[in-house]
Amino acid sequence: MAELLTHNMAPIMFAALVVFLLLGYPVAFSLAANGLLFAFIGIELGLFQPDFLQALPFRFLGVMENETLLAIPFFTFMGLILERSGMAEDLLDTIGQLFGPTRGGLAYAVIFVGALLAATTGVVAASVISMGLISLPIMLRYGYDRRVAAGVIAASGTLAQIIPPSLVLIVMADQLGRSVGDMYHGALVPGLVLTALYAAYIFLVTMIKPDAAPPLPKEARTIRGAALLGRVLFVLIPPLVLIGLVLGTIFIGVATPTEGGAMGAFGALVLAGLKRKLTLPLMTHALDATAKLSTFVIFILIGARVFSLTFYGVGGDHWVQNLLTGLPGGQTGFLIVVNILVFVLAFFLDFFELAFIIVPLLGPAAAALGIDLIWFGVILGVNMQTSFMHPPFGFSLFYLRSVAPKRPYTDKITKQRIEGVTTGQIYWGAIPFVVIQCIMVGLVIAFPQMVTHYKKAGSGVDPSTIKIEIPDMDFGAPPSGGGGGGGQKNDDPFGAPPPPDFLPPAPK
């Protein structure tokens, strides 16, 4: 048993983490407990140096001092304020009236509003629940196929994962050691293309099966002409201006993502105040939800720091890198295998767990193969959207299930008896959009220019190509002893300081 652990500590450690997660233990505590458990086992077997654990306080301090992660509470607060102030309801009502005469118009409206909410709220739960409460009853009222209606609502909500200012892109940039602004810039075009693919699917449905997405009848289109134009301008301009200010200042380099998030949060408070929706209960709810999400992220990150310290200490980084860089097909083979791995893991893990556990392990291997890490991060971001749509564990499907009617009910407007939406209909409706998301992953791999255009907007220098050469200096012979299982260099992207036994001796 000891020999098995000695030769396979890294893969056994990773397998044990998967078992902990499948048993249902909280992610943050599973990571930390797994890291400490195998650290003690490694110390007993002589594979892990106790001095490594002295780096833990510095790692925790690094989490607390990470200014990039400060953008998460700002953007979360902005999204919650806008969602609770009724912006989603106004947008869906207005855009629904605008697209109403078109076959599939309500579905197009949901996709368009989903993209706008993604660029303002950045929170999947808020988008799916809002659109499920507002647009699903209208779709059912006017004869939409339940699978089409459920699928388009669940999928449009997941656009908040890839369209800036996405929370997962912030985490991805931090884990890969890249600029959040570059990650936002690179993800913008893929996000818009994915939105267009959703709309193209609805168009295809209306051509093949027109009854699945009928236009609104005349009696349902209550706003027309100049009144509709004025309503569109009044409802669309404020969020578009806010999006332009937040993302525009980040893209041109005037503001950092954290500063852009702070400006967006202030702008959301101004818009809510102008609509006379800025109340104490609204503020209390937004602050409470923001604090919970931020704490959730910090605890997972601290747990990941403990896990990664042990994993790198027993040579796990070299195991992963050798395993992935040796795949046939070079960069293409690596990307195919990695995306299949992430797609499968997305059945069981959500995007935060994938970003904190898997991405730090894949990043060094991708860099070793010469893959642009912004491009790599956007590919994984598109792939991670499927974690919200996978039957049977997709969170987006759970959010929609929580607000969709389960039993028959009487419609308040038409007074007709309408059947509820079954869980099976929600699942079947999601599958075409999961396929579209997988197609989008293939498109981003095949056409990297969709992402790498971010270099033209900046200085034109790829940070991954910068090399700093330090001339050899004789510090004396390093101290002997202590293997530590593959710790021959300090390439830990989590930012741990070099282990004490690899530091040069202090001058006498």
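Me: How much of the protein counts as buried?
Reply: Of its 508 residues, 51% count as buried. Keep in mind that this is a predicted model. As for the fold, the protein has 23 helices and 2 strands, and the accessible surface comes to about 22,800 Å², with 68% of that belonging to carbon and sulfur atoms.

Me: What share of the protein's contacts between residues at least 6 apart in sequence joins residues at least 24 apart?
Reply: That share is 79%.

Me: Let's do charges. What makes Arg-147 and Asp-145 a salt bridge?
Reply: Their closest N and O atoms are 3.6 Å apart. The cut-off is 4 Å between a Lys or Arg side-chain nitrogen and an Asp or Glu carboxyl oxygen, so the pair qualifies. The structure holds 5 salt bridges, and this one belongs to a network of them that links Asp-145, Arg-147 and Lys-209.

Me: Are those two partners, Arg-147 and Asp-145, buried or exposed, or in between?
Reply: Asp-145 has 18% relative accessibility, and buried means under 20%, so Asp-145 counts as buried. Arg-147 sits at 41%, between the 20% and 50% limits, so Arg-147 is partly exposed.

Me: How do you know that Lys-292 and Asp-288 form a salt bridge?
Reply: Again it's the N to O distance: the closest atoms are 3.4 Å apart, and the limit is 4 Å. So the pair counts. Both residues lie in helix α14 (residues 280–313), 4 residues apart, which is about one turn of the helix.

Me: Why is Lys-292 put in its accessibility class?
Reply: Lys-292 has 54% relative accessibility, and exposed means over 50%, so Lys-292 is exposed. Its partner Asp-288 has 40%, which lies between the limits, so Asp-288 is partly exposed.

Me: And what makes Asp-372 and Lys-455 a salt bridge?
Reply: The N to O distance is 3.2 Å. Set that against the 4 Å limit and the pair is in. This pair links distant parts of the chain: Asp-372 is in the loop between α18 (359–368) and α19 (373–384), while Lys-455 is in helix α23 (residues 454–457), 83 residues away. Asp-372 is at 8% relative accessibility, under the 20% limit, so Asp-372 is buried. Lys-455, at 27%, falls between the limits and counts as partly exposed.

Me: Back to helix α14 for a moment. Why is Thr-290 classed as it is, buried or exposed?
Reply: Thr-290, found in helix α14, has 7% relative accessibility; buried needs under 20%, so Thr-290 is buried. Leaving aside neighbours within four places in sequence, Thr-290 is in contact with Pro-73, Thr-76, Phe-77 and Leu-80.

Me: Which residues form the nonpolar patch on the surface?
Reply: Val-18, Leu-22, Ile-336, Ile-340, Val-344, Phe-348, Phe-393, Phe-395 and Phe-398, with about 830 Å² of accessible area together. Helices α2 (9–22), α16 (330–345) and α20 (395–403) each supply at least two of the residues, and α16 gives the most, with 3.

Me: What makes Phe-393 accessible enough for a patch?
Reply: Phe-393 has 44% relative accessibility, and patch residues need over 30%, so Phe-393 clears that bar. Phe-393 is found in the loop between α19 and α20.

Me: Now the rings. How many aromatic pairs are there?
Reply: The structure holds 9 aromatic pairs. One of them is Phe-99 with Phe-112, at 6.4 Å centre to centre and 75° between the planes. The centres are within the 6.5 Å limit and the angle is over 60 degrees, so this pair is edge-to-face. Phe-99 is in helix α6 (residues 87–99) and Phe-112 in helix α7 (residues 105–120), 13 residues apart. Phe-99, at 28% relative accessibility, counts as partly exposed, and so does Phe-112, at 36%.

Me: What makes the Tyr-201 and Phe-433 rings the kind of pair they are?
Reply: Their centres are 5.1 Å apart, within the 6.5 Å limit, and their planes stand at 75°, over 60, so this pair is edge-to-face. The pair links distant parts of the chain: Tyr-201 is in helix α11 (residues 180–208) and Phe-433 in helix α21 (residues 423–446), 232 residues apart. Tyr-198, Tyr-201 and Phe-433 form one aromatic cluster.

Me: Why do Tyr-201 and Phe-433 get their accessibility labels?
Reply: Phe-433 has a relative accessible area of 1%, under 20%, so Phe-433 is buried. Tyr-201 has 22%, which is over that limit but under 50%, so Tyr-201 is partly exposed.

Definitions and conventions. Residues are numbered from 1 along each chain as its sequence is written. This is a predicted model: local features need pLDDT of at least 70, side-chain atom pairs count only at pLDDT 80 or more; totals for chains, interfaces and linings use all residues. Side-chain values use heavy atoms; hydrogens and water are left out. Buried means under 20% relative accessible area, exposed over 50%, partly exposed in between (1.4 Å probe, protein chains only). Contact means heavy atoms within 4.5 Å. Patches are made of residues with over 30% relative accessible area and no salt bridge: like charges are joined within 9 Å, nonpolar side chains (Val, Leu, Ile, Met, Phe, Trp, Tyr) within 5 Å. Accessible areas come from the Shrake-Rupley method with a 1.4 Å probe; for residues, only the protein chains shown count as cover. Rings of Phe, Tyr and Trp (its six-membered ring) pair if their centres lie within 6.5 Å; planes under 30 degrees apart count as stacked, over 60 as edge-to-face and the rest as tilted.
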